[in-house]
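Me: Hi! Could you walk me through this one? I'd like to start with the metals and then move on to the helices and charged pairs.

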Amino acid sequence: MRIDLHTHSNVSDGTVSPDTLVHRAAAAGLDVVALTDHDTFDGWPIALTAADDTGVVVVPGAEISTRLRGAGVHVLGYLLDPTFEPLRDELTKVRDSRANRLARMTQLLTEAGLPVDVSDVLAAAGPATTIGRPHVADALVAKGYLTDRTEAFDRFLSEGGPAYVPKYALDVHEAVRLIRAAGGVAVLAHPWGRASRRVLDADTIAALARSGMDGIEVDHEDHSAQDRAALRAIAESLDLLITGSSDYHGTGKSGHELGVNTTDPAEYERLLERAAASTRVAGRGSPLRPIP
Ligand code: AMP
Ligand code: ZN
Ligand code: FE
Ligand code: FE
């Protein structure tokens, strides 16, 4: 059984629609794929319909933008009730802040000699309901200024870069609590990737576990073999779930092909058990209920 628990569609900053994503997962020989767009559940209905067509099991989720001591940290929430208002309100706040920073970002880019408007970014974002820096990058590429997203991040958009503008993100412990209160399972995404490595030492990960975090994404392309071994040991010492995923973004991120990392079926089973228990404790409805 092949299981990939972290992918993005064009509802956020991936480049394929949720149904194409599920069809590609089938073609890639995956049995289970989680759709985890940034800060939104909007792709769920289409992905779940495609699941019925292909026989691939789709795990509905989201990758939530959080902050810890000034650094961006991503938390994956799975199988939660998408109608839970306190979480929905926070995600709306994050998405609004993402949209509101575009005026400043495009101004900074224009001043840096790359004239670009908010409307160019929105055109590049197409159907996305969560707008991110990758869409700003796509607008710069469409204008012929740059080659790809990587160049845009390296030269302008990364934290500390000349066109970087921070967005609102919720406190990481609060995000974990909200995912659990919505009946879901919380997994720390690529903890030792670019932005979050500085703030996520073993003690901080233990503190997150005390706040209700269920697991760690150990097998991810941002982690070296050494990182993976160390994170696996931390997860085992805290009795946390261990996941592996591609963080697929279509053509938006090279080296992250579907299934490049996968989750052990036994860990996936544990995740499903945790989700059932979490839903029961929270007294929430099914995550598969249509979003009003
Ligand atoms: P944002 O959501 O606006 O904070 O942008 C973060 C997103 O940009 C994440 O989903 C990353 O996958 C993506 N990203 C970060 N660095 C790069 C890069 N060098 N090339 C392509 N995508 C990147
Ligand atoms: Zn992304
Ligand atoms: Fe991420
Ligand atoms: Fe991601």
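Reply: Happy to; below we go through the metal sites, one helix and some salt bridges. Keep in mind that this is a predicted model.

Me: Great. Which residues coordinate the iron ion (ligand 3)?

Reply: Glu63 through OE, His74 through ND1 and His190 through NE2, at 2.1 to 2.2 Å. Along the chain these donors have the spacing E-x10-H-x115-H. Glu63 sits in strand E3 (residues 57-68) and His74 in strand E4 (residues 71-78), 11 residues apart.

Me: Is Glu63 buried or exposed? And what about His74?

Reply: Glu63 is buried, at 1% relative accessible area. His74 counts as partly exposed, with 21% relative accessibility. The cut-off for buried is under 20%, so His74 at 21% falls in the partly exposed class.

Me: OK, the zinc ion (ligand 2) next. What coordinates it?

Reply: Asp13 gives two OD contacts, and His38 and His249 each bind through NE2, with distances of 2.0 to 2.5 Å. The spacing for the zinc ion (ligand 2) reads D-x24-H-x210-H. His38 comes from the loop between strand E2 (32-35) and helix H2 (44-54), while His249 comes from the loop between strand E8 (241-244) and helix H11 (265-282), so the pair ties together parts 211 residues apart in sequence.

Me: Are those two histidines, His38 and His249, buried or exposed?

Reply: His38 is buried, with a relative accessible area of 7%. His249 is buried too, at 5%.

Me: And how many Å separate the zinc ion (ligand 2) and the iron ion (ligand 3)?

Reply: The two ions are 5.7 Å apart.

Me: Switching topic: which residues of helix H4 are buried?

Reply: In H4 (residues 102-111), the buried ones are Leu102, Met105, Thr106, Leu108 and Leu109. Viewed down the axis of H4, they fall within an arc of 160 degrees, so they line one face of the helix.

Me: What covers the buried residues of H4?

Reply: The cover includes helix H3 (85-100), helix H5 (118-125), helix H6 (133-142) and helix H7 (149-157).

Me: What happens just after H4?

Reply: Gly113 is there, with a positive phi of about 100 degrees.

Me: Nice. Now the charges: how many salt bridges does the count come to?

Reply: The count is 15 salt bridges. One of them pairs Glu151 with Arg155, at 2.8 Å from N to O. These two are four residues apart in helix H7, which means about one helical turn separates them. Arg155 is partly exposed, at 45% relative accessible area.

Me: What about Arg180 and Asp214, how do their side chains meet?

Reply: They form a salt bridge with an N to O distance of 3.2 Å. Arg180 lies in helix H8 (residues 172-181) and Asp214 in the loop between helix H9 (202-210) and strand E7 (215-219), so this pair ties together parts 34 residues apart in sequence. Arg180 is partly exposed at 31%, whereas Asp214 is buried at 1%.

Me: Last one: which residues do shared salt bridges join into one network?

Reply: Let's take one pair in it before the whole network. Glu221 and Arg228 meet in a salt bridge at 3.3 Å, N to O. Glu221 counts as partly exposed at 35% relative accessibility, and Arg228 counts as buried at 17%. Through shared partners, Asp219, Glu221, Arg228 and Arg232 are joined into one network.

Me: Perfect, thanks!

Terms used
Residues numbered from 1 in each chain as written. Chains lettered and ligands numbered in written order. Predicted model: local features only at pLDDT ≥ 70, side-chain atom pairs only at ≥ 80, totals over all residues. Heavy atoms only, no water. Donors = N, O, S within 2.8 Å, 3.2 Å for Na, K, Ca; no water. Buried < 20%, exposed > 50% of the residue type's maximum accessible area, 1.4 Å probe, protein only. Arc of directions from axis to C-beta. Contact = heavy atoms within 4.5 Å. Salt bridge = Lys/Arg side-chain N within 4 Å of Asp/Glu carboxyl O.
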